[in-house]
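I opened this structure to look up a handful of things and to keep notes as I went. The entries below follow the order in which I looked.

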Amino acid sequence: MALCGRLARRTTSLAGQCRSLASPIAARAFTTRSARPILSLKGQYESPAAYRQLRAFSRLPANWNKSQEAPNTEAYMGSGAVTGKGNLVDVKKVLVIGSGGLSIGQAGEFDYSGSQALKALKEAGVRSVLINPNIATIQTSHVLADEIYYLPVTPEYVEYVIQKEKPDGIFLSFGGQTALNLGVQMNRKGLFEKYGVKVLGTPIKTLETSEDRDLFARALDEINIPIAKSIAVNTLDEALDAAEKVGYPIIVRAAYALGGLGSGFANNAEELRNLAAKSLTLSPQILVEKSLKGWKEAEYEVVRDANDNCITVCNMENFDPLGVHTGDSIVVSPSQTFSDEEYHMLRSASIKIVRHLGVVGECNVQYCLQPDGLDYRVIEVNARLSRSSALASKATGYPLAYTAAKIGLGHTLPELPNPVTKTTTANFEPSLDYVVTKMPRWDLSKFQNVKRDIGSSMKSVGEVMAIGRTWEESFQKACRQVDPKFLGFQGDKFDDLDDVLKNPTDRRWLAVGQAMYHEGYSVDKVHDLTKIDKFFLYKLKNIVDMTKQLQEIGSLFGLKKEIILKAKQLGFSDLQIAKAVNSSEDEVRARRKSFGIRPWVKRIDTLAAEFPAPTNCNLYTTYNASSHDVTFDDHGTLVLGSGVYRIGSSVEFDWCAVNAAMALNRLGKKTVMINYNPETYSTDFDVADRLYFEELSYERVMDIYELETAQGVVVSVGGQLPQNIALKLQESGKAKVLGTDPVDIDRAEDRHKFSSILDSIGVDQPAWKELTSYEEAQKFANSVGYPVLVRPSYVLSGAAMTVIRNEGELREKLTAAADVSPDHPVVITQYIEGAQEIDCDGVASNGKLLVHAVSEHVEDAGVHSGDATLVLPPVNLDDSIKQRVKEIAEKVAKAWNITGPFNMQIIKAKNPDGGEDALKVIECNLRASRSFPFVSKVLGTNFIDVATKALVGREVPEPTDLMAVKRNYLATKVPQFSWTRLAGADPFLGVEMASTGEMACFGTDLVEAYWASMQSTMNFRLPVPGEGLLFGGDIETDSLAQVAKYIAPLGYKFYAANNEVAKFLESKVDCKVDVVEFPVEDKRALREVFEKNDIRGVFNLAKYRASSLVDEDYVMRRNAVDFGVPLFMEPRTAVLFARCMSEKLPKKEGIPSEVRSWSDFVGGRPL
């Protein structure tokens, strides 16, 4: 069992103490005892035998709980054991700093933690003002925050908001690294003091100590806590000297950086030169330290209040040894391979560190531990809510962010009830009777030239959390959650298997699977290559052995009850068993149920089920049990969440799922949320009546649907994953799918059916054909003319789409891929250049359009809609076009008999014969789309609320035309890219989506909104007049000249990498352009060119993606990103930003006009 004994033992000893507090005693004495009941005694028992005896004795109470009553918070509070509610911080209005757009290393976990902080403020009756340009998140809704500013999270803009709102407190620990860095900068400028704003929670000095590597090392040295030997340096030469002192191999880390940004390993001086050159552009100070690759890595989540009460809430262990960033590691909680001594040694150190640093709130301490001894080092301390805090909250049922916010307001741990369990206080260490596995999700295959290796700098875009009662069960669930194409633990083909095992990549666990399943590697051999603990490898061997046993049986009827049960207990899915015995998922499911084998529902209750916990909220299913923890009397409605965050499906869909659940609750319906993403708000304990931390597979959704005897299931708010199983839920599972019929959904996703329906209702579309040979493709391309768009017919969301511009490219793409055959046809579509793209989001009921929104793209069609800049209300579409788009939406809603949300992409192209512009539909999704939160918040109407009413057929509103309303504002939504993280990727936009997040800002006109939106992108630094700008790219069109025309009068220095670009600009614009030397193969020399000429902005408007790594335009784009310089690489947005610069610079005195709250723009507080 995964029961973490040492945690469980503490539960009862604390409960006993709670009950014996009849007389008032000092809070401090009580909490010191409870926080370290055994460690405090360890010193008195010098002999190990005496100490072991004490340990054995303290284990006894765990067996007595049959006769004990559950701890009662109210009785405990009433006993007078705790005093101190009088010490609350006196604040009336608090500013909460959000984290901005989602990026690699800083994703949805900060939406979750910020939302918790806002919830705590609301409960305390304190007004909240939120600054966060991320329009897709839950926290930027009036449900949680009183006032919201969609503005850049920069000292300049935050100061403007402070001047307007006059808050008396500020929270800096709920907005990730962005908020933390902002706080440190503002404090240095003396702004908090100037405006009388109190920093709540952890003091700034502590934040500075934990972030500045030198101060941190000194602080830990004062309390004799070992950290990796390191030297802080500010230049390349200092770094080389430091490495000689420390000795290779070394690791380089950047200060004030998130998710290991700018860090890496170097084995010699040459490697260090390249690495340090890049790191020093991202951070003013870097750390050179001895590498301890191969040691175990662990994390502890610690909470401390201002009265020095301190507990550890959760400990986690990495499956991957040190060397892989914890965000890219598979993580297991509670730790499985630590001895009691190791566990307590690190726990004591965590408490000592957090007390010494003076953290007030939540904190996370990362360690590395010698695999075969008791030596350890502290890697780092995050004195803020982190990615692992969200995971720990969900894994233990202890709401860390909420508790940290309450502590920031002056509460102490013993006086705070745990809102999840309602039976314990917050001064209580959770114990778990299950095991949790977190697995990252990468999307590296979407990018060309990206290095697939994973190391000290994080590259994953999302993560899953799976719960089981054996590690095998938990691990196999996690494999499937990461991507439904995985059946569980399995292998894959590798060119050099040993190399991938030795040097981790994003496919490392598949390499372990390949070695154990297909190549016959022993546990010892895999361990020698990977340094993964043998405990985990033996567990994986159990899965391999079971698979082989099933394959030997080889038929459905050979499956006996015992073997099915054993396989299910090891986490096998029905489909996985079916593949092994050559059967089908439905047949295995039927046989399993005929034996009465069904999953049991268990609760995450923080109490290891030792005491009754009243909430039914956080549930999971397991085959390692014999009873349910809950009864099934609610008959709720299932809402399927969006699963793991990945490129193309992110927090926008979580916003949709949460709003659907809230709308169902308002309609008096009980809700059941299924989702397994620990970063999200939808997996919070009080969003739905019941939450299942479970797979979004046909098997699991049907299990829960049958157990709950649900009233229906919502598949249209969680993005593509729920859509993919909708038809099977209805056809095979006989589930009631709410809203649009899955048969109609299929008619929209199947290219042929979709196209013929559009033809039948008189809606135009680009010419297309499904082809099975190269010759047919060639013939079609010649008839419509190049360029053409090619994509496999079975892939959605722009995956594997390519624009082909000539016959040579067509031959290369289709013959090399060898994918074109009658089994794998490709769809080839006419590609219209220079067209404008329009997004239409709508909600319909029984085929009748209720509400719709029409947004325009700034970029030309051909940039994926997820990477495009959206403008709403549109500025360049006349009323007749908007009316025609509405008519198309009405026809589509009727033809597919849509009930619920839908989205269309339409292109507006010039009519070659003259006359009005053509409108052609290129895509239609019968579900909520990425832009639903954006259009809802801009138009002040919650589209998901309307959609949910339509789904259940209750209180359905009358149709309204929101686009007919004249508005005196608009908003622009811009993409957030994470190029810096993806070493080697070409920062170039195309039909494949590349962005990881989005921001939006409001303004009275396009310039005002776009100016603020662009400055909201992460780490954006506006080039100041007098600095250098580098130009490059295509000179066949006028875009580059237009950019130069706008900004030439402002006094920037202009540079180009070659004579052609310089001559072109000088011929078009009255300006002087200097040609700089541009070494394409020497990064260090190039960095010196940037520094020498003070280049602080790059405009590279290339027409096509680069074909080689020494292409001048590619090198210019890639290094702009690597050197932290703003890059404009798309013509329309580059010209628009240049226009913004010409109108907004030099900056005028006073508060800029875009600094207004959301409620001020839209007039009222919607959503």
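**Entry 1: overall make-up.** I began with the inventory and found 41 helices and 39 strands in the protein. What I am reading is a predicted model, so I checked the confidence before going further: the protein averages a pLDDT of 89, and 90% of the residues score at least 70. Over residues 1-68 the pLDDT is below 50, although this stretch has 95 contacts in the model beyond near neighbours in sequence. Residues 794-798 also have a pLDDT below 50, and I noted eight contacts for that stretch, again beyond near neighbours in sequence. I leave the detail of such places alone, because predicted coordinates should not be read in detail where pLDDT is low.

**Entry 2: totals.** I next looked up burial and found that, of the 1167 residues of the protein, 66% count as buried. The accessible surface of the protein comes to about 40800 Å², and 49% of this area belongs to carbon and sulfur atoms. For the contacts between residues at least 6 apart in sequence, I recorded that 72% join residues at least 24 apart.

**Entry 3: a parallel sheet.** I then traced an open sheet of five strands, paired in parallel, and wrote down its order as β3-β2-β1-β4-β5. Its edge strands are β3 (147-149) and β5 (198-200), each of which pairs on one side only. From one strand to the next the twist averages 25 degrees. Looking at one pair within this sheet, I found strand β1 (residues 93-97) and strand β2 (residues 127-131) joined in the parallel sense over five bridges, with V129 in β2 as the bridge partner of L95.

**Entry 4: an antiparallel sheet and its helices.** Another open sheet has four strands in the order β6-β9-β7-β8, and here the pairing is antiparallel. The strands at its edges, pairing on one side only, are β6 (230-233) and β8 (264-266). Neighbouring strands of this sheet are turned by 25 degrees against each other on average, direction ignored. Strand β7 (residues 250-254) pairs with β8 over three antiparallel bridges, and I noted that I250 stands opposite A266 in β8.

Which helices lie across these strands? One is helix α12 (residues 236-246), which lies across β6, β7 and β9 (286-290) and runs at about 20 degrees to β9. Another is helix α13 (residues 269-282), which lies across β6, β7, β8 and β9 and runs at about 150 degrees to β8.

**Entry 5: helix α14.** I checked the length of α14 (residues 340-357) against expectation: with 18 residues, this helix reaches 26 Å from its first C-alpha to its last, close to the 26 Å expected at 1.5 Å a residue. Its buried residues include Y343, L346, I351, I353, V354 and L357, and charged side chains are found there as well, among them E342, R347 and R355. Just after α14, G358 takes a positive phi of about 80 degrees.

**Entry 6: strand β21 and its partners.** Is strand β21 (residues 690-693) covered on one face or on both? I found both faces covered, with R690 and Y692 buried on one side and L691 and F693 buried on the other. Strand β18 (residues 618-622) runs parallel to β21 and is joined to it by two bridges, and N618 stands opposite L691. Strand β20 (residues 671-675) is also parallel to β21, with four bridges between them, and V672 stands opposite R690.

I followed β20 to T671, which lies in that strand. T671 has a relative accessible area of 1%, which is under 20%, and therefore I count T671 as buried. Leaving aside neighbours within four places in sequence, T671 is in contact with T637, A661, L664, N665, A688, D689 and R690.

**Entry 7: F754.** My last look-up was F754, which has its place in helix α29 (residues 751-760). Why does F754 count as buried? Its relative accessible area is 3%, and F754 is buried because that value is under 20%. Not counting residues up to four places away in sequence, F754 touches R747, A748, W896, V921, E923 and C924. Of these I looked further at W896, which is 142 residues from F754 in sequence and 9.6 Å from it in space, C-alpha to C-alpha.

Methods
Residues numbered from 1 in each chain as written. Heavy atoms only, no water. pLDDT = per-residue confidence, 0-100. Contact = heavy atoms within 4.5 Å. Pairing = 2+ DSSP bridges. Axes fitted to C-alpha atoms, helices over the stretch in contact; angles between N-to-C directions. Buried < 20%, exposed > 50% of the residue type's maximum accessible area, 1.4 Å probe, protein only. Areas by Shrake-Rupley, 256 points an atom, 1.4 Å probe, with all protein chains shown as cover. Expected span 1.5 Å × (residues − 1).
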